[in-house]
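User: Please walk me through the packing and the chain contact of the model below, with the cut-offs behind each term.

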Amino acid sequence: MYRYDKYDQAMVDARVEDFRDQTRRRIAGQMTDDQFKPLRLKNGLYLQLHAYMLRVAIPYGTLNSTQMRKLAHIARTYDRGYGHFTTRQNIQYNWIKLEQAPDILAELATVEMHAIQTSGESIRNVSADHYAGATADEVIDPRPWAEMLRQMTTFMPEFSYLPRKFKIAVIAAEEDRAAMRWHDFGLRIVKNDAGEIGFEVYPGGGMGRTPFIAYKARDFLPQHQIFSYLQAVLRVWNRHARRDNIHKQRMKILVHELGEEEFTRQVEEAFQHILKLGSDFPQAEYDRIAAYFAPPPFETRLSDEIDRSDPDFAVWVDQNVAAHKAPGYAIANISLKPIKGIGGDITAEQMEVVADLAERYSFDELRAAHTQNLVLPHVRKQDLYAVWQALVEAGLADANLDLVTDIIACPGLDYCSLANARSIPVAQKIAERFADEARQKDIGELKIKISGCINACGHHHAGHIGILGVDRKGTENYQLLLGGSGDENTTQAKITGPGFDEDGIVDAVERAVEHYRGIREPGERFLDTYRRVGMDGFKEAIYG
Amino acid sequence: MAESGNPIPQAASEANYLRFREDSPADEPAVSLDSFFEQPNAVSVRIEAGDDPQRLIPHLSRVKLVEVDFPKFRDGRGFSTARILREAGYTGEIKATGDVLVDLVYFMRRCGFDSFAPDVAIDPAVLEACLNRYPHVYQHAADDAVPIWQLRHPELANG
C-alpha cells in the first residue's frame, strides 16, 4: 500500500500545526464559533448532540496493522474505547474534547493518517472498491488513481470554499461494490479497444434530501487527463451553483437544473481550456505511486481446498469469504453487524485483534468497506480456519455479510444533531427479528439501509429496503422504501406509502420479506423479485 | 512558501489594505462590470460574486485593478474568478474585498490575488504564520509554486 514520502509527511505535519493554531485562536476568543466552524469541519471535527465527533480519513479504505493499532490507541486514550466505521470507509470517534483534537491529529500523523477534508464543504476522502487489488474482475487496481486524486485534491486553492461537499469514488470492475453512481463524481476505469486505460466519468450523483443517480458524461477519458477534467467539473459547479440555499447547492442540483447536456457542454468547454494549462501529472508520477500497490508476494502452488469439517466455520466461509484473484487465496470479510450490536462499531480490543490478523495472515493489509464492515483482502485458504477462530474469540465472526441483518444505519438521534429519529434501535430490532441463521440464509442477499433524517447518511435511497426516520408531530415515524441499489444497476428506492412507528416498521419489513419469500422464483434475490413484479403486490402485503 | 519566506508587506495608505505588489496602486475607484463597459477610460473594475469574469477578458489590456468581492467567507466563487483572470494573462492587481478571513489568504494568494482589503482588519502575526505554514503544494495554481509531483521528478524539468 501507499507510503508517505517526505513531502506527504510534511504536508500532514503542517496541517496538524495549522489546526492546532486554529483551535488555539478559537479557545482564546480570537475568532467566532461561526468562523471556526468551517475550519474545524474541513478537518473532520463535528459538534454532535453530546460532544465533538472526529472523523479520520482512511483513503480508499486501505490501512495496515500499525494504523489500525493507532486507531485503537486513540479510541482508548481520547474516546470511550471504541470507534465507528462509516459509509465513506472512514472511522469516527464520538466523544472527543476540542482541546485534545490537535493531539489526536499529531498521533495520526505519526502513522501517515489525517482527518483532512473529511467533512465540511470540501472534496472528501476518495472512496474505492474495497476488493481492489484482490478481485479478479478489475481492469487494474483503482487505488493508484484514488491516491493521485487524494493528493491532487488536498488543499486545492481554487476550491477552498465549494458550495457543498463533493464525493469521489473510483472503481475498476464491472461489479460496483462502491455505490459509484451515488457520488458527485464517479469514475470507472476501463480499457478501450486499443488497450489504453481511461475513465468512464459519471458526475452529478448524490443522496441527501434530493437524490440523483450520476449520469455518464464520458465513455472514455484518457487516463492522464483526469485531473484537468475534475478541475473543469469543479469550476463549473463552483461558479454556477446556488449560494442562497444550503439544501440546493450540491452539484447534482446544478446538473439537474442545467440538464445533463448543458452541464456536459460547459464542463467540456472548461476542460479544453484547463487541459492546455498542463496541470495533469506525468506518467512517471503515476508509476511511482502504482509501484506501492504492486501485488503482494503471493505464494504459488497453494491448495484451493478448505477444510469444512467444522459446520459453524463452513457457514462463515459460505457467507463471508469471497473469491480472490490468486489461487489458494481468499478475501475474508469481517462483519461489524452483530445482532445486538451497533453497526460499524468496534472496540479498541477488537481493532487490535483485527490488526494482528492482518499482520499475520493478510500481508499487513486491511480494508474498510462502505458497508461498515472490514476486509482481510489476501488470506491463504489454509489459514481461514485460524482467522475464523480468532474472530469467534473476539466476537467478530457473524456470518451475515449482505444478509438481512447486515444493515447500514446512520448514527441517528442517539448521536446526531441533525437527526429526526433514532436509527440504531430500529436496526437492532430488525436484526433481532431476523436473527435466526437459517431464516437469514433462506432470505438471501437483502440490503437494508436506515437513515434518521432526509440527509440520507444511512443510504436509504440505495437500500433494497430503505427506511427513513422522520419527525411527525413530535414522534418518530419511519417511512418504508423498496427497490434501491448501489450496485452496477443503480436504482433509487421508492416509498411504499404511509409511515410506521418503531415497532410497526419492523413488522412492515417482515411482511415485505415474507411476501418476497412467497412469490420469488428460483434464484431470485429480494431486489430481483421486486424488479420483476413492481411495487403493487408488496404494497398490498405491507398495508393489507 | 516557508523556504523562501513570505514577508508581510507594509500597510499601504488605506487602513486594512494589504498589498503584495511593487507598483503603485490604481488611483481611481473601481466601477461595476456594466459601468466598466460603458466607460472606455475606466481602469478599475469591481466583480461581484455572481458576475461572469469571462466578460472582462477581451478588455484586460486597459485594466489596472480588479476588485473581487466576497459577500461572505463561505462564498468561494471569487477564487475561480481570480484563476480565470490570471489564466487569461492578466497581470494587474486583483484585490479581495469583503468577508476575507485570515485563514483564506494563503489560498487566495495561490489563486492570483495580490492585495486584500478585508472588512475586518487581519492580525499580521497570524497572517504571517498562515502564509508560511505549508512547506509545499500538491498542485499548480496561479502562483509559481512547484507542485510536489514535480519536485519528485526533477529529471522531467530538463526534458
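The turns below take up the cores, the interface and one residue.

Analyst: This is a predicted model, in which local features need pLDDT of at least 70 and side-chain atom pairs count only at pLDDT 80 or more, while totals for chains, interfaces and linings use all residues. Residues are numbered from 1 along each chain as its sequence is written, chains are lettered from A in the order in which they are written, and side-chain values use heavy atoms, with hydrogens and water left out.

User: Which helix of chain A gives the most to the largest nonpolar core?

Analyst: A nonpolar core is a set of buried Ala, Val, Leu, Ile, Met, Phe, Trp, Tyr and Cys residues joined through side-chain atoms within 4.5 Å, where buried means under 20% relative accessible area, exposed over 50% and partly exposed in between (1.4 Å probe, protein chains only). The largest such core has 158 residues, and those with the most contacts inside it include L71(A), W316(A) and F113(B). With helices taken as DSSP runs (H or I, at least four residues) numbered from the N terminus, the element of chain A that gives the most, nine residues, is helix α6 (residues 226-240).

User: How many salt bridges does the rule find across the interface of chain A and chain B?

Analyst: The contact, meaning heavy atoms within 4.5 Å, takes 46 residues from chain A and 39 residues from chain B. The buried area, which is the accessible area (1.4 Å probe) that two parts lose on being put together, summed over both, is about 3800 Å², with 59% given by carbon and sulfur atoms. A salt bridge requires a side-chain nitrogen of Lys or Arg within 4 Å of a carboxyl oxygen of Asp or Glu, as between R152(B) and E285(A) at 2.7 Å, N to O. Across this interface the rule finds eleven.

User: Is S309(A) buried or exposed?

Analyst: S309(A) is found in the loop between α9 and α10 (311-320) of chain A. Its side chain makes a polar contact of 2.7 Å with that of D307(A), the term denoting a pair of N or O atoms within 3.5 Å, of which, within protein, one must be able to donate a hydrogen and the other to accept it, and residues adjacent in sequence count only if both atoms are side-chain atoms. Because its relative accessibility is 61%, S309(A) counts as exposed.

Key:
Helices (H or I, at least four residues) and strands (E, at least two) are DSSP runs, numbered from the N terminus.
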